[in-house]
Structures are given as C-alpha cells and as structure tokens.
Amino acid sequence: MPIITLDRVSKTYPAGAGSTEALQDVSLGIDRGEFVSLIGPSGCGKSTLLRIVGDLVPPSSGTVTVNGKTPEAARLDRDYGIVFQAPVLYDWRTVEANVRLPLEVMSWPRGEREARVRRLLRLVGLDAFRRHYPWQLSGGMQQRVAIARALVADPAILLMDEPFGALDEMTRERLNLELLDLAGETRATVLFVTHSVAEAVFLSSRVVVLSPRPGRIARVVEVDLPRPRTEKTRALPRFFELVTAVREHLVEDPGLAAVGARGAAV
Amino acid sequence: MRAVREYLPAVAVFVLGVAVWEAVVFAFSIEFYLLPAPHVIVASLRQSFPVLLEASLYTFGEALAGYGVGCGLGVVAAALGSRSPALAGVLLPYAIASASVPIVALAPLAIVWFGIGPGSKIAIAALMTFFPTFVATLRGLLGTDPESLELMRSCAATEWQIFWTLRLPGSVPLLFGALRACTTLAMIGAVVSEFFGGPMKSLGVYIKSTASLFQTRQAWSAILVACALGLTFYGVVALVERLAVPWRAERERVGA
C-alpha cells in the first residue's frame, strides 16, 4: 500500500478576473522508501504539488492520502521534513540550534535532543561546525544543515523543493551522493522537485515528468539503475538512456520559457 | 587598525572644521556673543563643568525614561498589532501621521497635563520614540519570509511558537535600527520640552536662559555636552546591537 496517494488532484489559482490552472488531474502512488523526483518546465506546478502533499497549500479538487491520513493530520503528526532551495536557516541560531529547532517545536525531552542533533550533524559531516553560525558557512554546508534539520525528527516523508538548485555542479553532485546515503539510512520516503534531468535520474527510483501548465503527468520513468549508486553510475550507458527518455517527455512551454528567462535576468 | 582607518576621515573633518571656525572668528573679529571661538567654548565648559554635568545628567535621565517608556510600549504595541491586524490597522495611520506632526509642539500641552517636572519631558520623549519603534518592530514581526513560515508549519508549530522562535528574533535587526534612531529623538524631546519650562538644573533651561542673556559661550558649552551625551547614548545602543545581532556587522563586512 502506497504511503502517499494522489487521486485526481487539481489546483487553480485566482489570477486577475479569471484563474490559472496550475495542476490538472494528477494521480500518483508513492511507496514507502521510494525516492520520487518531480521534473517539468518552469511553472508546471511541481512545487505546488510538493506543497499540496505537505499540507502547505490545499488542493482545489481531488484527494491526497498520506500514511492513511489527510495531509493535515500527517503534518500535525510531524510526518514531514522539508528542504527548500534556500537553506532557510535562522541567523541568530548556531548550526546545532538550527538543527534542534524541529525538536524544540515538537517538545522533545531535553535529554534526547542533544544526542539526536549530534547524530544528524555527524551524518552530514558538520559536527565540527556545530557552534558556528549559518552565515559563517558556505552555501553547500548551509544546505547540509537544512537537510540535517529536515531529518532530525526522523520524519516518514522528506519533501525537497529544488534543494541543490542554487549550488555549483561539484557541490551538487557530492550532495546527491550524500543524500542517497542519508535517505537509505533513515529509510525516509523522498519527494524531490528538480530542474535537472541528470540529478532526477541519478537519485530516483522513479521520475515523474510533468507537462507545461497546467501540470499533468506526461510520463513516469522507472529508474532501474543498480544500487548503491556511485560516481560510476553516471557513466553507465543505461544512465544516458534514462536521461534521454526523461528529456524526450520534457516539453518546454515556449511562452513560459521566455517568461522564465526574463525572470532570471531580472 | 581598521577602526583607525575607518574613523580617520571623520576625525580629520572635525579637526579641520574646528580650525576653520577658530580662524573665521579671529579673521573677521566676530563678537563672542554672536559666535564664540571653539577655545572660548572649551574654557567655558571647563569652568562650568560641575553645573553642566548635573544639568545634563538630569536631562539625560528624562530622555532615558522617555526612551524606555516609548520604545517599550512601541514593542508591546507591535507585538499585539502583529497578532491582531485590526489593532495594527487602527494604530498604523496614527503612526504615519505622527511622522508629519511636530510632536515637540505638544510640549506646552504636556506641561499642562503632566506638570513642570520630569513628567512632561518623559511624556514627550516617550511620544517621539513610540511610533518609530512601533512601525519598525511591526514591519519586522510581519516581514517573516514565507519559507521560514512554511518550515514552522511543516513541524506543526503553534502561532505562539512561531512568534517566539521566528517572528520576534527575526524582527531584532529592524528593532535595533529604530532603537538607534530613537536615542537622538529622546534627547531632542527632553531638551526641547525643557525650553517650555523646567528646573534650572536642566540642559534645556540652561541653554535657553544663557542664550537669552547673550551668554553665548555658556549656551554653546551646554550644546556641546548635549551633543556628547547624545552620541554616547547612540554609541551604547549601537554596541548592544553589535553584540545582539552579530551577523549583521559580519554581513556588512563581507559585503553580502
């Protein structure tokens, strides 16, 4: 039985006099422990879909079931960890205090907090920096702190919204490897939004390709690359086949692409 | 070493300004009651230092009390306003209007209401500092970035937790901007209120009475003391800010 079930989920936003349809009839089941990437052109609603699963945005129609509950119940049960493109760390908290934040909010017993925070910091390789402040760290390190924070309360589901989109290629590839280790270790189910086809294929058990707005599922590509995935995985012929397969279904909406390019230039 | 290089231009301009002032007074034989030369002011300052010190501490006490009351109420009102949009809606227009109303013009009325003693001065200083603090803190409390809020939501944080762990600490940089600006406002409020009446041993009354007797050098030495006090007040608050918001100074340094 899937841990996340989306049944004909649609989302429309009011826009001026009319409305914009962001998502249309998205149905998808994600099994426990899966790593599923959402990929699609700018404005296809992939971030919206992630936020609907996380109960940060309500769907306009359709139903979402998470762990047998509504997304709201799952959120209140603290089933989610979330990572954004920006690290969203609090400047006034040290690295360890940032990682501890969810535990404080969830009122974990004080005695258990420190051990848990230290464990996560060791997992992301930042134990030596635990007394540093976020602004003293590089972008890649900041994002590692954000990942540690998302995993600290041992959530069943990890939601990631282009978490490595702002990082350079080398840092990104290193963090991809680390993320796979972490996901394996914590056995969290991961829903991962990305712009990068290679990243999606490298990380995922399945890649969900969305069409231009309104976002619909254009294709689901099963990734049958061997595990564990390593640097060598990227050199496999099968890796290139899968990247090509995903790219074939990835249609860039010309109008939106122009808007995206202008937005990026501003 | 960096501090020396940073402040050197300002110090140089100050020294140059004093020198030009001294030279102009000497060259044009300006009467001392019109514009006393700096060395005359310093001599007068030395002579009447005990009186000036007492007066300035008295006035500074009023300014500090008004500052505490005004800024304190400003923060509390902003905290309430951030929880209740209706309350913020009632207060904000007044806050904006207060920027165009010279609050010191209310000083004579304050004396009617709160008496000739420190009460009226504290009231004016409080009124002058309340609105800037309120507006800045409210902006800080409501200006939390959406993803930080989503993060808190994803851990099912209560509104109370969001306020204490996110909104309040996040508003501290803006709050300190207002607290710095309010130091000088509080001093202005206290000194100017004293022009409308107060005890002899206060800076405002001292400046007003010496100036009206053409004892210009005494008036100038009192202005000098008021200026030094204001700068010290500002400096102390800026120092506290550096300790409370270290990442701000750091970011300015690295230019982020």
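Tutor: Before we start, helices here are DSSP runs of H or I with at least four residues, numbered from the N terminus. The model we are reading is a predicted one.

Student: At which residue does a positive phi appear just after H1(A)?
Tutor: Helix H1 of chain A covers residues 46–53, and the place to look is therefore just after that run, given that helices are DSSP runs. A positive phi of about 60° is found there, and the residue that takes this angle is A:Asp55.

Student: Why is helix H1 of chain A described as largely enclosed by the rest of the structure?
Tutor: A residue counts as buried if 20 or more other C-beta atoms lie within 10 Å of its own. Among the residues of H1(A) that pass this test are A:Leu49, A:Leu50, A:Ile52 and A:Val53, and also A:Lys46 and A:Arg51. The helix is largely enclosed because its buried residues number seven of the eight.

Student: What radius of gyration does chain A have, and what would a compact globule have?
Tutor: The C-alpha atoms of chain A, taken along the principal axes, fill a box of roughly 50 × 45 × 45 Å, and the chain holds nine helices and nine strands. For 266 residues a compact globule would have a radius of gyration near 18 Å, and chain A agrees with this, at 18 Å.

Student: What share of the contacts in chain A with a separation of 6 or more joins residues 24 or more positions apart?
Tutor: As background on the same chain, buried residues make up 43% of its 266 residues. Of the contacts in chain A with a separation of 6 or more, the share that falls to residues 24 or more positions apart is 71%.

Student: Which helix gives the most to the side of chain B that touches chain A?
Tutor: On this interface, 16 residues of chain B are in contact with 19 residues of chain A. The elements of chain B that give two or more residues to that side are helix H7 (146–154), helix H8 (159–195) and helix H11 (246–254). By class, the side of chain B has seven nonpolar, four polar and five charged residues. With seven residues, the element that gives the most is H7(B).

Student: What distance separates the centres of the two domains of chain B?
Tutor: Chain B is divided into domain 1, residues 1–30, and domain 2, residues 40–254. Taken over C-alpha atoms, the centres of these domains are separated by 29 Å.

Student: What ipTM does the predictor give the complex?
Tutor: For chain B the mean pLDDT is 88, and 96% of its residues reach 70 or more. For the complex the predictor gives a pTM of 0.81, together with an ipTM of 0.85.

Conventions
Residues are numbered from 1 along each chain as its sequence is written. Chains are lettered from A and ligands numbered from 1 in the order in which they are written. This is a predicted model: local features need pLDDT of at least 70, side-chain atom pairs count only at pLDDT 80 or more; totals for chains, interfaces and linings use all residues. Two residues are in contact if their C-beta atoms, placed from the backbone, lie within 7 Å. Ala, Val, Leu, Ile, Met, Phe, Trp, Tyr, Cys and Pro count as nonpolar, Asp, Glu, Lys and Arg as charged, and the others, Gly among them, as polar. Domain bounds come from an automatic or database domain assignment. The radius of gyration is taken over C-alpha atoms; the globule rule is 2.2 Å times the number of residues to the power 0.38. A residue is buried if 20 or more other C-beta atoms lie within 10 Å of its own, exposed if 12 or fewer, and partly exposed in between; C-beta atoms are placed from the backbone. pLDDT is the predictor's confidence in each residue, from 0 to 100.
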